[in-house]
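Thanks for coming, everyone. I have a few slides on one structure. Let me put it up.

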Amino acid sequence: MESLSWILSPFPLYNQPPKSASVVTLPFVSFASLSSQNRRRETNVKRSPKPAKILASPPPPSTTSTATTSDRTTSVPQKKVLVPVGFGTEEMEAVILIDVLRRAGASVVVASVEPELNIEASGGTRLVADTYISNCSNEVFDLVALPGGMPGSARLRDCEILRKITSKQAEEKRLYGAICAAPAIALLPWGLLRRKQTTCHPAFMDKLPTFWAVKSSTQVSGGLTTSRGPGTAFEFALSLVEQLFGESVSKEVGELLLVHTAYNNPRKEEFNKVEWFVDHVPRVLVPVSNGCEEMEVVTIVDILRRAKVDVIVASVEKSMQILASGGTKIIADTAIDTAADSVYDLIILPGGIRGADRLHRSKVLKRLLKEQESSGRVYGAICSSSAILQKQGLLKKQEKRANDAAESARVVIDGKVITSMGLSTVTDFALAIVSKFFGHARARSVAEGLVFEYPRS
């Protein structure tokens with residue numbers, strides 16, 4: 001597992017420990033290499049010429065940070081980003097945006113536009129904001145980025161404080177952006193799309209001014225960046241990283257997230273094929289702990305719930321609230337002790353090195369996994385959590401190939417065990433589960449709602 005630590009770290013890229021010979025070598029992924037029909041950029045976009053040098057830990061809420069290189073110590077301004085959230089915000093878009101920007105070194109403030117910090121997102125995931133939007137009124141941000149979702153986008157639109165913050169951001173020619181429904185539902189009524197080429201979720205394209213509407217997956221127009229949906233959230237986030245920190249940082253973050261834009265790993269490999277179909281609504285358990293990868297937890301839960309799966313998020317900690325690896329606070333549905341009273345068609349272990357270690361310590365979860373295997377029911381793991389299955393004798397040799405990021409498919413299914421490389425491949429992982437339970441047509445339908453490219457057959 002030590003060889004995966006460089007890839008899996010949720011912390012900023014620069015001043016990481018040097019790569020040893022055992023580190024998995026990944027093909028270099030460039031966000032800039034995306035095809036022009038999928039990503040368009042106007043020539044007047046401002047970019048930082050050099051990557052920022054930052055500490056190898058989540059940035060504190062301060063205005064400067066210090067980075068130590070091999071021969072000197074420098075102090076550089078820290079990039080501050082505001083991500084507002086409200087009831088019904090799309091959780092994949094919000095969490096991927098927050099996580100990716102923090103990995104690049106930005107100090108991200110998650111602000112609630114509601115009277116409370118606890119937010120139930122559009123798919124039922126409960127997130128906890130860092131602060132209230134009222135506390136951000138007098139702050140200056142390098143970027144204001146609005147996640148989409150409904151009614152989340154409308155909740156953002158109706159927040160007068162956020163409107164003033166974002167309008168000032170545009171007036172002072174600082175970066176701002178929105179994804180999914182938010183460009184049409186929030187930015188358009190605020191008058192912030194004037195003379196800007198804009199994209200959004202296909203369901204809201206008819207609301208955009210026809211002359212300025214474009215169908216690119218991510219569109220940069222001056223200081224404004226817009227994107228289409230959860231399936232383009234990584235691309236959207238990496239575009240913003242590029243504008244804040246420079247192209248080289250965006251490339252490296254994309255590489256470490258295993259973004260598949262420049263190499264051709266198969267989407268899925270399946271061995272010892274068996275049917276997973278059940279005669280009832282599939283019931284899935286997702287145990288979580290402090291240190292779990294938030295983008296993996298949220299993406300799995302969101303996609304499976306879109307497919308009408310009954311998903312239970314259970315905390316193995318003493319508290320229902322867990323602190324994920326990148327600093328996102330998630331509230332579980334129940335405790336693992338309570339969840340253990342039920343039977344599940346599938347148990348999925350999210351990744352994250354520290355999170356996997358804490359999951360492995362749970363005696364209740366260990367018993368549940370043993371029962372799952374002995375009863376012939378399905379179980380799986382992502383990324384570093386595959387080690388839990390291996391330690392418990394639940395992972396065969398060929399299944400471990402999902403951890404070989406240089407050679408394997410994004411998702412490996414062996415009978416009733418499913419594993420994945422994790423991080424940006426988690427969407428493929430979740431859709432593979434949907435396909436196994438309901439068939440390819442259901443998976444493709446969910447993918448279309450996400451605006452995620454998925455094979456027709």
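One definition before the tour: a helix here is a DSSP run of H or I, at least four residues long, and helices are numbered from the N terminus. Also keep in mind that this is a predicted model.

Start with helix 13, residues 426-438. Straight after this helix comes Gly439, and the phi of Gly439 is positive, near 105°. The helix itself has 13 residues. From first C-alpha to last it reaches 18 Å, close to the 18 Å expected at 1.5 Å a residue.

Is helix 13 mostly covered or mostly open? Covered: 12 of its 13 residues are buried. The buried set includes Val426, Phe429, Leu431, Ile433 and Phe437. Polar and charged names are there too: Thr427, Asp428, Ser435 and Lys436 are among the buried residues. In general, an α-helix has 3.6 residues a turn, so residues three or four places apart point the same way. Here the buried list has Asp428, Phe429, Ala430, Leu431 and Ala432 in it.

Now to a residue that touches this helix. Ala307 is found in the loop between helix 8 and strand 15. Which residues does Ala307 contact, leaving aside neighbours within four places in sequence? Val434, Phe438, Arg442 and Val446. Ala307 is buried, with a relative accessible area of 0%. The C-alpha atoms of Ala307 and Pro282 are 10.0 Å apart, and these two residues are separated by 25 places along the chain.

Next, the elements on either side of that loop. Helix 8, residues 294-306, lies across strands 14, 15, 19 and 20. Its angle to strand 15 is about 155°.

Those strands belong to an open sheet of eight. The order is 13-21-22-20-19-14-15-18, and the pairing is mixed. The edges are strand 13, residues 268-271, and strand 18, residues 334-335; each pairs on one side only. Strand 15, residues 310-315, runs parallel to strand 18, and two bridges join them. Ser315 has Ala335 of strand 18 as its bridge partner.

Now move to strand 5, residues 107-112. How many of its six residues are buried? Six. Both faces are covered. Ser107, Val109 and Ala111 sit on one side, and Val108, Val110 and Ser112 sit on the other. That fits the general rule: in a regular strand the side chains alternate between the two faces of the sheet.

What does strand 5 pair with? Strand 4, residues 80-85, pairs with strand 5 in the parallel sense, over six bridges. Pro84 stands opposite Ala111 there. Between these two strands the chain passes through helix 2, residues 91-104, and this β-α-β crossover is right-handed. Strand 5 also runs parallel to strand 8, residues 131-132, joined by two bridges. Ser112 stands opposite Tyr132 in that pair.

Last topic: the cysteines. A search of the whole structure finds zero disulfides. Why is Cys159 unbonded? The closest cysteine sulfur, in Cys136, is 9.8 Å from the sulfur of Cys159, so it is too far for a bond. The cut-off for a disulfide is 2.5 Å between the sulfurs. Cys200 gives a similar answer: its closest cysteine sulfur is in Cys180, at 8.2 Å, too far for a bond. Cys159 counts as buried at 9% relative accessibility, and Cys200 is buried at 0%.

That is the tour. I'm happy to go back to any slide.

Technical notes: Residues numbered from 1 in each chain as written. Predicted model: local features only at pLDDT ≥ 70, side-chain atom pairs only at ≥ 80, totals over all residues. Heavy atoms only, no water. Buried < 20%, exposed > 50% of the residue type's maximum accessible area, 1.4 Å probe, protein only. Pairing = 2+ DSSP bridges. Right-handed = clockwise from strand over helix to strand, strands pointing away. Contact = heavy atoms within 4.5 Å. Axes fitted to C-alpha atoms, helices over the stretch in contact; angles between N-to-C directions. Expected span 1.5 Å × (residues − 1).
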